[in-house]
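Q: I'd like a close look at one part of this model, with cut-offs spelled out as you go. Could you walk me through it in one connected answer?

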Amino acid sequence: MNRYSRRQVLRFGGVGVAGVVLAACGKQAKVPESENVVSVGPAPSKVTLPNVEVNDVVLLRTAASLEFNAIDTYDAALGLGVFTGAFAAAGDIAKRLRDDHKGHAEAINGLITKLGGTPFTCGNPRITEVYIAPALELITATDNENPALDVVVLAHALENLAAQTYQGVVTMLSDKSLRQAAIGIGQDEARHAVVLAQALNPGLGGILPSVNPDTGKANVAAVPSAFGPLTPINVTVGPVQADGSRVSLILETPSLNSLAYDSVSCS
Amino acid sequence: MMNPSATTPPSTADVALLAFGNGAELAARDLYAVAAGLSAFSDEEQAVLVGFHDHHRAAAQALAGLVGSDAPNVREDAVYNAFRSRLEGTDKSAIYDALRELENTLVATHTTLVGTLDGTAGSALIASVITTQARHAAVLALVAGRALNDALVNSATALTPGAN
């Protein structure tokens, strides 16, 4: 008869327990395999995401989509009928800037066609959904006291967003001539932003960064820094709420979930 | 925000181009120093000119940092001499126009550089300088009381590195 020490019994016992646990975790004989974790109720069908690639065409299609976002926003602003009286001149500026964006969109789509891609001829769906539609809803709220001013605030933010986007894609585009074309348009957008910044905070005091002494917040500046920033853009628009505040939206340049991939269409 | 992409360092050819940019920015810095010292401008106007002077100095320093020990850190005299004579007198609008032409020339030059540079570290830096200097140009058109088109359009010709 074999004799085991107390230590050997404990050791073998431990190995046995571990074996049982591992067996329970592994495949079971005669048990059908399932791709789903066992759950109560019907399991959702598996959705396969398309394989996408961030290439020059996708980046240019995204840039084109932002141009159409801007065109649509200026058209919406002009359609509000708010550019009257003291804001009449702003209406003329809005038309000029919108037309510039039409030219940019045409130029970008021309580059896309040369590269064998499909031009993008509508606003970026994601940008529209998360930024522009909510902003326009706030601006057109019946209790908003100054929709004309808010429209200029939104347009200024979109121009900065466009300038940042073109600046940002310079390092992502593989073709040097496309980088040059992109920043050539980006500098146009920066000029647009200056014109609108001066409409919001006119004169010499609105050129360089400054702080509102009453609120402690940064004023709108035509030239906000020594280098073009790539930072989120804060937009405060809409009616004053019960607590005295107004809604702020944070705009960021298009990301992987908002690029105009080949699978994204305007239809 | 887009995912940051890895940048590539300047190539040997890039170093010469970025060094030219360094010298051109120092020329702009010195031209703004001249303009800001003119008695024609008020304190508030001088503050703006000094601000733009500082932006050009920052651009020159950033370019020098990228180029390293090969950075000339000396102003490009051809650029300085092309504009210096226009920064005199009491006609503020004329001086603003000269500075706007300087800014537009730098924007055109830098834009050409972006289409030439191999390394994206240089392209990224130059791109961030371009958007700021385009803003300078637009501001200068507005403070000079020029038409909207003058603020929005750049018809300047790019400088050619090594041409002078």
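Let's stick mostly with chain B: how many helices and how many strands are there in chain B?

A: Quick ground rules: this is a predicted model, where local features need pLDDT of at least 70 and side-chain atom pairs count only at pLDDT 80 or more, while totals for chains, interfaces and linings use all residues. Residues are numbered from 1 along each chain as its sequence is written, chains are lettered from A and ligands numbered from 1 in the order in which they are written, and side-chain values use heavy atoms, with hydrogens and water left out.

To your question: chain B has six helices and zero strands. (Helices are DSSP runs of H or I with at least four residues, strands are runs of E with at least two, and both are numbered from the N terminus.) Starting at the N terminus, that reads α-α-α-α-α-α. Chain B has a radius of gyration of 16 Å, close to the 15 Å from the globule rule for 164 residues, so it is as compact as a globular protein of that length. The radius is taken over C-alpha atoms, and the rule is 2.2 Å times the number of residues to the power 0.38. If you prefer a box, the C-alpha atoms of chain B fill one of roughly 45 × 35 × 25 Å along the principal axes.

What about the inside? Of the 164 residues in chain B, 53% are buried, where buried means under 20% relative accessible area, exposed over 50% and partly exposed in between, with a 1.4 Å probe and protein chains only. Take the chain B contacts between residues at least 6 apart in sequence: 78% of them join residues at least 24 apart. A contact here means heavy atoms within 4.5 Å.

On the outside, chain B exposes about 6,400 Å², with 50% of that supplied by carbon and sulfur atoms. (Areas are Shrake-Rupley with a 1.4 Å probe; for residues, only the protein chains shown count as cover.) As for charge, chain B carries 9 positive and 17 negative side chains, and the centres of the two sets are 5 Å apart. Lys and Arg are the positives and Asp and Glu the negatives, with His and the chain ends not counted; each charge is placed at NZ of Lys, CZ of Arg, CG of Asp or CD of Glu.

Now zoom in on a few residues. B:R100 is in helix α4, residues 92–114, and it counts as buried at 13% relative accessibility. Leaving out residues up to four places away in sequence, B:R100 touches B:A137, B:L140, B:A141, B:R146 and B:D150.

B:A138 belongs to helix α5, residues 120–143, and is buried at a relative accessible area of 0%. With the same sequence neighbours, up to four places away, left out, B:A138 touches A:R191, A:V194 and B:A151. Its C-alpha is 31 Å from that of B:P9, with the two positions 129 residues apart in sequence separation.

For something outside the helices, go to B:N73 in the loop between α2 (43–67) and α3 (77–84). Phi of B:N73 is near 55°, a positive value in a residue other than glycine, and B:N73 counts as partly exposed at 48% relative accessibility.

The contacts of B:A138 with A:R191 and A:V194 bring us to the other chain. Across the interface, 48 residues of chain B are in contact with 47 residues of chain A. The two chains bury about 3,900 Å² between them, with 68% of it on carbon and sulfur atoms. Buried area is the accessible area (1.4 Å probe) that two parts lose on being put together, summed over both. On the chain A side, A:R191, A:L204 and A:F227 lose the most area to chain B, together 19% of what that side buries.

Chain A itself has six helices and two strands, in the order α-α-α-α-α-α-β-β. Of its 267 residues, 41% count as buried. The accessible surface of chain A comes to about 14,600 Å², 57% of which belongs to carbon and sulfur atoms. One residue to look at there is A:I250, in strand β2, residues 247–251, partly exposed at a relative accessible area of 44%. Residues up to four places away aside, A:I250 touches A:Y131, A:P232, A:I233 and A:N234.
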